[in-house]
Amino acid sequence: MFEMKRTVTYSQVGSNITMDMAGIVNYLQDCTLAHSESVGKGVEYVAENKKAWFLSSWQIEVKRFPGYEENVTVRTWAHDFKGMYGYRNLDILDGKGTPIVYANSIWIFMDLEKMLPAKP
């Protein structure tokens, strides 16, 4: 499992002083990419190998939107690979460790030279 700690900043909240869905998706996306970078399979690696992961779908359940200056932990883990597909779960925990966002995602691994799906 990979995790990153974040503090919600003013530029990440709306007039109600809470993060919106776009902010949630940005946190989830950033965590996914940081995980890939941490295992040496990040942006440079896939570019050099002319491969890329394409997001196919999100399923996101928000129990509560994080607020301004709230400390959160964003976590992710890949849980399965089948053919060209990668399956990844994510969550966001509040400062007490309570999950406030759950997410599932499906990714397709692509060969950018052939523009066809490939096995990871």
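**View A. Lysine 63 and glutamate 61 pair up in a salt bridge, with their closest N and O atoms 2.8 Å apart.** Here a salt bridge is a side-chain nitrogen of Lys or Arg within 4 Å of a carboxyl oxygen of Asp or Glu. Lysine 63 is exposed, at a relative accessible area of 53%, while glutamate 61 is partly exposed at 40%. Those labels follow fixed cut-offs: buried is under 20% relative accessible area, exposed is over 50%, and partly exposed lies in between (1.4 Å probe, protein chains only). Please keep in mind that this is a predicted model, in which local features need pLDDT of at least 70 and side-chain atom pairs count only at pLDDT 80 or more, whereas totals for chains, interfaces and linings use all residues. Residues are numbered from 1 along each chain as its sequence is written, and side-chain values use heavy atoms, with hydrogens and water left out.

**View B. Glutamate 3 meets lysine 5 in another salt bridge, at 3.6 Å from N to O.** Glutamate 3 counts as partly exposed, with 41% relative accessibility. Its partner, lysine 5, reaches 55% and counts as exposed.

**View C. Arginine 75 and aspartate 91 join their side chains in a salt bridge of 2.7 Å, N to O.** Arginine 75 sits in strand 3 (residues 71-82) and aspartate 91 in strand 4 (residues 85-93), so the pair ties together parts that are 16 residues apart in sequence. Strands (E, at least two residues) and helices (H or I, at least four) are DSSP runs, numbered from the N terminus. Both arginine 75 and aspartate 91 are buried.

**View D. Arg64, Glu70 and Asp94 are linked in a network of salt bridges.** The structure as a whole holds 7 salt bridges. As general background, side chains of opposite charge can pair when their charged atoms come close.

**View E. Leucine 116, in strand 6 (residues 116-117), touches Phe109, Met110 and Asp111.** That list leaves out residues up to four places away in sequence, and a contact means heavy atoms within 4.5 Å. Leucine 116 is partly exposed, with a relative accessible area of 46%. The C-alpha atoms of leucine 116 and methionine 84 are 9.7 Å apart, for two residues separated by 32 positions along the chain. Aspartate 111 belongs to strand 5 (residues 99-111) and is buried, at 9% relative accessible area. With the same sequence neighbours set aside, aspartate 111 touches Lys50, Lys51, Leu116 and Ala118.

**View F. Tyr10, Ile17 and Tyr68 make up a nonpolar surface patch, with about 320 Å² of accessible area together.** Patch members have over 30% relative accessible area and no salt bridge; nonpolar side chains (Val, Leu, Ile, Met, Phe, Trp, Tyr) are joined within 5 Å, and like charges within 9 Å. Areas come from the Shrake-Rupley method with a 1.4 Å probe, and for residues only the protein chains shown count as cover. Tyrosine 10 lies in the loop between strand 1 (2-7) and helix 1 (21-38). Tyrosine 10 is exposed, with a relative accessible area of 59%.

**View G. For orientation, the protein has 2 helices and 6 strands.** Along the sequence, the pattern reads β-α-α-β-β-β-β-β. The C-alpha atoms fill a box of roughly 45 × 25 × 25 Å along the principal axes. Of the 120 residues, 36% are buried.
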